[in-house]
Amino acid sequence: MEILSLSDVVKYVENKIGIFHQKRITGLMELKLGKVLKKKNPYLFKAKYILTAQDIIKGLTDAFISSQEETIFGDWLEGLAIFINAKVYSGKKSGIPGIDLEFDKDGIRYIVTIKSGPNWGNSSQIKKMITDFKTAKRTLRTSNSQMNVIAVNGCCYGKDKNNDKGDYFKYCGQQFWEFISGDSDLYTKIVEPLGHHAKERNDNFIQSYAQMINKFTKEFADNFCHENGSIDWEKLVQFNSQK
């Protein structure tokens, strides 16, 4: 085990955080109105008595972007976790399907699946994770039948009071970052460098966002509004139901 150098973490974050912001903008620019409209329930907007094209567009796109950003940032945090673990325990990105990180500690081989937060999946997704863990254990024990392998679901934020899930352990937030680094305070130390040039980068995103809202609002009005400006709900529902 090596002692983690915070300066290495800060340097990594400051060098790599731009990737997250660029992917946010790229994802925004690649959005299509039709894709967004098919992702959300048009009946909900009617029930909430939303009457303007811009309000519908903002409601649809904000929800879509939030979900997209969660995925992008989750992937980014996974990379940070693997980088930190490699510095301390010589861990590595796993080549086994469904496993994100492998490392050895105190004679134990840990296999880790990394998620953003504790409430990441439904019962089917959790069953798949357990199956992936069991398959990974069999794969690793092919070359060493006595290998002690422990499976872990690591979550970058949040809490879970029950760590022992039977087939695997679940560590969230502070517990997860301490587990991969040996530093009980790491979860707070990484907050500051995450804000590196955040304002400038977010300004670029806001400008792209405003352009997209304007473009989508015009496109929506052209295709889903009557000549008097009212929303053609029937046409919108029909479009949403098409394959």
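**Exercise 1. Placing R109**

Which strand holds the place of R109? Then classify R109 as buried or exposed, and list the polar contacts of its side chain.

*Solution.* The model is predicted.

Step 1. Locate the residue. R109 sits in strand β3, which covers residues 108-115.

Step 2. Check the accessibility. R109 has a relative accessibility of 18%. The cut-off for buried is under 20%. R109 therefore counts as buried.

Step 3. Look for polar partners. The side chain of R109 makes a polar contact with the side chain of D104, at 2.4 Å. Another polar contact, at 3.1 Å, links it to the side chain of E102.

Step 4. Complete the surroundings. Residues up to four places away in sequence are set aside here. R109 then touches E102, F103, D104, L140, M147, N148, V149 and I150. E102 and D104 thus appear both as polar partners and in this list of contacts.

**Exercise 2. The turn into β3**

Find the residue between β2 and β3 that has a positive phi although it is not a glycine. Is D106 buried or exposed?

*Solution.*

Step 1. Go to the loop between β2 and β3. D106 is found there.

Step 2. Read the backbone angle. The phi of D106 is positive, about 55°, and D106 is not a glycine.

Step 3. Read the accessibility. D106 has 73% relative accessibility. Exposed means over 50%, so D106 counts as exposed.

**Exercise 3. The loop between α3 and α4**

Describe Y49 and T52, both in the loop between α3 and α4. What is the relative accessible area of Y49, and which side chain does the T52 side chain meet in a polar contact?

*Solution.*

Step 1. Fix the borders. Helix α3 covers 42-47, and T52 lies in the loop between α3 and α4. Y49 is in the loop between these two helices as well.

Step 2. Take Y49. Its phi is positive, about 60°, although Y49 is not a glycine. Y49 has a relative accessible area of 63% and is exposed.

Step 3. Take T52. At 38% relative accessibility, T52 counts as partly exposed. The side chains of T52 and D55 are joined by a polar contact of 2.9 Å.

Step 4. Look along the chain. T52 and G229 are separated by 177 residues in sequence. Their C-alpha atoms are 8.6 Å apart in space.

**Exercise 4. Pairing α9 with the start of α4**

Which residues does T217 contact, leaving aside its neighbours within four places in sequence?

*Solution.*

Step 1. Locate T217. Its place is in helix α9, residues 198-224.

Step 2. Judge the burial. T217 counts as buried, at 17% relative accessibility.

Step 3. List the contacts. T217 is in contact with A53, Q54 and I57. Helix α4 covers 53-89, which places these partners in α4.

Step 4. Compare sequence with space. T217 and Q54 are 163 residues apart along the chain. Their C-alpha atoms are separated by 5.4 Å.

**Exercise 5. The buried side of α6, and α7**

Name the buried residues of helix α6 and the elements that cover them. Then describe K189 in α7.

*Solution.*

Step 1. Pick the buried residues. In α6, residues 174-181, they are F176, W177, F179, I180 and S181.

Step 2. Find the cover. It includes the helices α4 and α7. Strands β2, β3, β4 and β5 also take part.

Step 3. Leave the helix. Just after α6, G182 takes a positive phi of about 80°.

Step 4. Move to α7, residues 186-189, where K189 has its place. K189 counts as partly exposed, at 33% relative accessibility.

Step 5. List the contacts of K189. Neighbours within four places in sequence aside, they are L6 and D183. L6 lies 183 residues away along the chain, with 7.9 Å between the C-alpha atoms.

**Exercise 6. The whole chain**

How many helices and strands are there in the protein chain, and how does its radius of gyration compare with that of a compact globule?

*Solution.*

Step 1. Count the elements. There are ten helices and five strands.

Step 2. Compare the radius. A compact globule of 243 residues would have a radius of gyration near 18 Å. The protein chain has 22 Å.

Step 3. Add the extents. The C-alpha trace spans about 75 × 40 × 30 Å along its principal axes.

Step 4. Add the burial. Of the 243 residues, 42% count as buried.

Step 5. Weigh the contacts. Take those with a separation of 6 or more. Residues 24 or more positions apart account for 64% of them.

Notes: Residues are numbered from 1 along each chain as its sequence is written. This is a predicted model: local features need pLDDT of at least 70, side-chain atom pairs count only at pLDDT 80 or more; totals for chains, interfaces and linings use all residues. Side-chain values use heavy atoms; hydrogens and water are left out. Helices (H or I, at least four residues) and strands (E, at least two) are DSSP runs, numbered from the N terminus. The radius of gyration is taken over C-alpha atoms; the globule rule is 2.2 Å times the number of residues to the power 0.38. Buried means under 20% relative accessible area, exposed over 50%, partly exposed in between (1.4 Å probe, protein chains only). Contact means heavy atoms within 4.5 Å. A polar contact is a pair of N or O atoms within 3.5 Å; within protein, one must be able to donate a hydrogen and the other to accept it, and residues adjacent in sequence count only if both atoms are side-chain atoms.
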